[in-house]
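The following account considers how charged side chains and helix packing may be read together from a set of coordinates. Please examine the entry below before continuing.

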Amino acid sequence: MIVASLNTMVRKCAGLVDTTDVSDWENQFLKSVIEKTGEGNNTTSLTEKQISVLERIYGKNFAG
């Protein structure tokens with residue numbers, strides 16, 4: 001299984017913002033992560049918990 005890079009996950013998940021594909025909480029979380037990482041350009045500031053949530057949202061929407 002190929003795991004997408006965090007940068008890729010942030011960029012792909014950015015397309016979910018303000019859609020019905022994510023809950024209100026997930027929407028706010030993604031907006032926060034996108035802003036914090038400079039749209040995925042610098043993901044070093046993400047915590048393990050944030051990474052875990054990002055991976056869950058990504059997996060729910062983009063994994064096979």
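Is aspartate 18 buried or exposed? In this predicted model, aspartate 18 counts as exposed, at 56% relative accessibility. The side chain of aspartate 18 is paired with that of lysine 31 in a salt bridge, in which the closest N and O atoms are 3.3 Å apart. Lysine 31 belongs to helix H2, whereas aspartate 18 sits in the loop between H1 and H2; the pair therefore ties together parts that are 13 residues apart in sequence. Lysine 31 itself is partly exposed, its relative accessible area being 33%.

The salt-bridge criterion yields a count of three in the model. Another of these pairs glutamate 26 with arginine 56, at an N to O distance of 3.2 Å. Because glutamate 26 lies in helix H2 and arginine 56 in helix H3, this pair ties together parts that are 30 residues apart in sequence. The accessibility of each partner may be stated separately. Glutamate 26 has a relative accessibility of 4% and therefore counts as buried, the cut-off for that class being under 20%. Arginine 56 counts as partly exposed, at 43% relative accessibility.

Glutamate 26 also meets lysine 60 in a salt bridge, with 2.8 Å from N to O. Here too distant parts of the chain are linked: glutamate 26 is in helix H2 and lysine 60 in helix H3, 34 residues apart. Lysine 60 is partly exposed, with 48% relative accessible area. Through shared partners, the salt bridges join Glu26, Arg56 and Lys60 into one network.

The discussion now turns from charged pairs to the packing of helix H1. This helix comprises residues 6-14, and within it Met9, Val10 and Cys13 are buried. Why can these residues be said to line one face of the helix? Viewed down the axis of H1, the buried residues fall within an arc of 95°, and so they line one face of the helix. The cover over the buried residues of H1 includes helix H2, spanning 24-36, and helix H3, spanning 48-62.

The two parts of this account may be read together. Helices H2 and H3 are among the elements that cover the buried residues of H1. Helix H2 contributes glutamate 26 and helix H3 contributes arginine 56 to one salt bridge, and glutamate 26 of H2 is likewise linked with lysine 60 of H3. Lysine 31 of H2, in turn, is paired with aspartate 18 in the loop between H1 and H2.

How values were computed. Residues numbered from 1 in each chain as written. Predicted model: local features only at pLDDT ≥ 70, side-chain atom pairs only at ≥ 80, totals over all residues. Heavy atoms only, no water. Buried < 20%, exposed > 50% of the residue type's maximum accessible area, 1.4 Å probe, protein only. Helix = DSSP H or I, 4+ residues; strand = E, 2+ residues; numbered from the N terminus. Arc of directions from axis to C-beta. Contact = heavy atoms within 4.5 Å. Salt bridge = Lys/Arg side-chain N within 4 Å of Asp/Glu carboxyl O.
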